[in-house]
Amino acid sequence: MRPVSVWQWSARGLLLCLLCSLCLGSPSPSTDPEKRAESQGLRFRLAGFPRKPYEGRVEIQRAGEWGTICDDDFTLQAAHVLCRELGFTEATGWTHSAKYGPGTGRIWLDNLSCRGTEQSVTECASRGWGNSDCTHDEDAGVICKDQRLPGFSDSNVIEGRVRLKGGAHPGEGRVEVLKASTWGTVCDRKWDLHAASVVCRELGFGSAREALSGARMGQGMGAIHLSEVRCSGQELSLWKCPHKNITAEDCSHSQDAGVRCNLPYTGVETRIRLSGGRSQHEGRVEVQIGGPGSLRWGLICGDDWGTLEAMVACRQLGLGYANHGLQETWYWDSGNITEVVMSGVRCTGTELSLDQCAHHGTHLACKRTGTRFTAGVICSETASDLLLHSALVQETAYIEDRPLHMLYCAAEENCLASSARSANWPYGHRRLLRFSSQIHNLGRADFRPKAGRHSWVWHECHGHYHSMDIFTHYDILTANGTKVAEGHKASFCLEDTECQEDVSKRYECANFGEQGITVGCWDLYRHDIDCQWIDITDVKPGNYILQVVINPNFEVAESDFTNNAMKCNCKYDGHRIWVHNCHIGDAFSEEANRRFERYPGQTSNQII
């Protein structure tokens, strides 16, 4: 073989490059295999405090190390790319100067410049990985649209997504970890402050103030993923700590581990107070408005004030959960404070202060005026937490063609589709999707109906009292969220059907008994009970979503509303139905947020 000179190789290479560019055009950044591979090795998360689940300081893990992004040259276009990396459809804003607190570790990217159409942040221009002249006081954050990308896989976002559940205050709760797309708890064996500190830092808080054992933050449900976790305290993730894989005999949910994290001081509790109550946990809500030199206290209009708003007020006060959100407070003396300074308050329940909730801003509009109709709260350190046993829904779902002459009672209680009114009663039938539902109380307080027994309504037809107007919503939705069939169930009676071995039943509906669900117990509504169905007579064959939402109107306070919605894939061929992939969804989805009425002049995150 003749030796080939370097010049000849270069000439041939240039010719090949020229031919390729003429035939194929310049390769787009999104198809660069090296950059694709690099992107696949990255992981992304949102961190910081205070924040909502779809906003925060952007952190990237590269080569096993978490780091941040400098805000120099950062734009909304870069935020769009990063929100998509995090699994959201787009960005609605971005933040600078470490709004969510300064991060730690490397500053991975500086002078990040994106067009907004890139498939990955690796396709954007920057100074290069780890090359930065910034400090963590310049950490960038993003605010993403609360809407997930269809079919998005969380494989590149905080694999092993640690979270806290059941806590009354920010930065505390039961520790849950993600494994094989399933959330599970951690056994408290050998659980200590070192492991708790790893959890707190992984979530963007400071070190741990307390390591909790014995399910102090309520019992979880389902898998227990880890046991005997032993951390040095320096690990970047709980999964990096030595641990034992759990078996069914090793641990129970009565041993679920929890944490209380140290939080940075924000001062939000100084802008709110209660007055007139019988104890420090209740009273009229007063908020402070104005700037330096012109601060004053005022009341909140009681219009539409409810449980979600009260939850935020109690959290801001540092008093835990809300037992009740009150729209009338005439029985509590407000002293010299008579001015209403805030109206139209609407919260999702996750905010850390009322300032973060949507409200009218400076444009006040109260339907009912006077101090009689101002907002109040009753707070509590404990709350219930309902969770639907999703697997049972999947196992028990079936179709029944039920004759109309057997549905008079159900019709009286509005448990059939509207087309049933024009049916040829008592002839014909309705097609019903039936299933059992088993509702567990995993919280730290019994679930009790909001209304006292003097307000319960007797239903002669079924021979029981209703203690809540609506206890559960059942819906059939298209893939894009359009409702094609619906059902609802008042609480025929809330009672302890079964309990864990060490828990005694406390509630039974017979003989006008007390209603509720005890902590550690569950209420079972069998598939053969009236109204435990969705009338699908008018539904056409196709692929749908079955959605079940417990306590949909937030009538009763819970420690966690995000686990109140269950969704299943549902296929209907006109004769049979298949229900599969049932899982607990997010009650604070984009669809849930659309229920919130918007007023003229109302804005989100309006700071007063």
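Two strands count as paired here if DSSP finds at least two bridges between them, and with that in mind the tour of this predicted model can begin.

Select residues 282-289, which form strand 15, together with residues 296-300, which form strand 16, and the view shows two strands that pair in the antiparallel sense over 4 bridges. Within this pairing, highlight E286 and then look across to strand 16, where L299 is its bridge partner. Next, bring up the stretch that links the two strands of this hairpin, where 6 residues lie between strand 15 and strand 16 and where G290 takes a positive phi near 95°.

Keep strand 16 on display and add residues 340-342, which make up strand 18; strand 16 and strand 18 pair in the parallel sense, over 2 bridges. The residue to centre on is again L299, which stands opposite V340 in strand 18, while in the hairpin L299 is the bridge partner of E286.

Now move to another part of the chain, and select the strands of an open sheet of 3 strands, whose order is 21-22-30 and whose pairing is antiparallel. Its edges are strand 21, at 398-403, and strand 30, at 533-535, each of which pairs on one side only. If you look along the sheet, neighbouring strands are turned against each other by 35° on average, with direction ignored.

Which strand is joined to strand 30 by 3 bridges? Selecting residues 429-434 shows that it is strand 22, and that strand 22 and strand 30 run antiparallel. To finish, centre the view on L433, which stands opposite I534 in strand 30.

Definitions and conventions
Residues numbered from 1 in each chain as written. Predicted model: local features only at pLDDT ≥ 70, side-chain atom pairs only at ≥ 80, totals over all residues. Heavy atoms only, no water. Axes fitted to C-alpha atoms, helices over the stretch in contact; angles between N-to-C directions.
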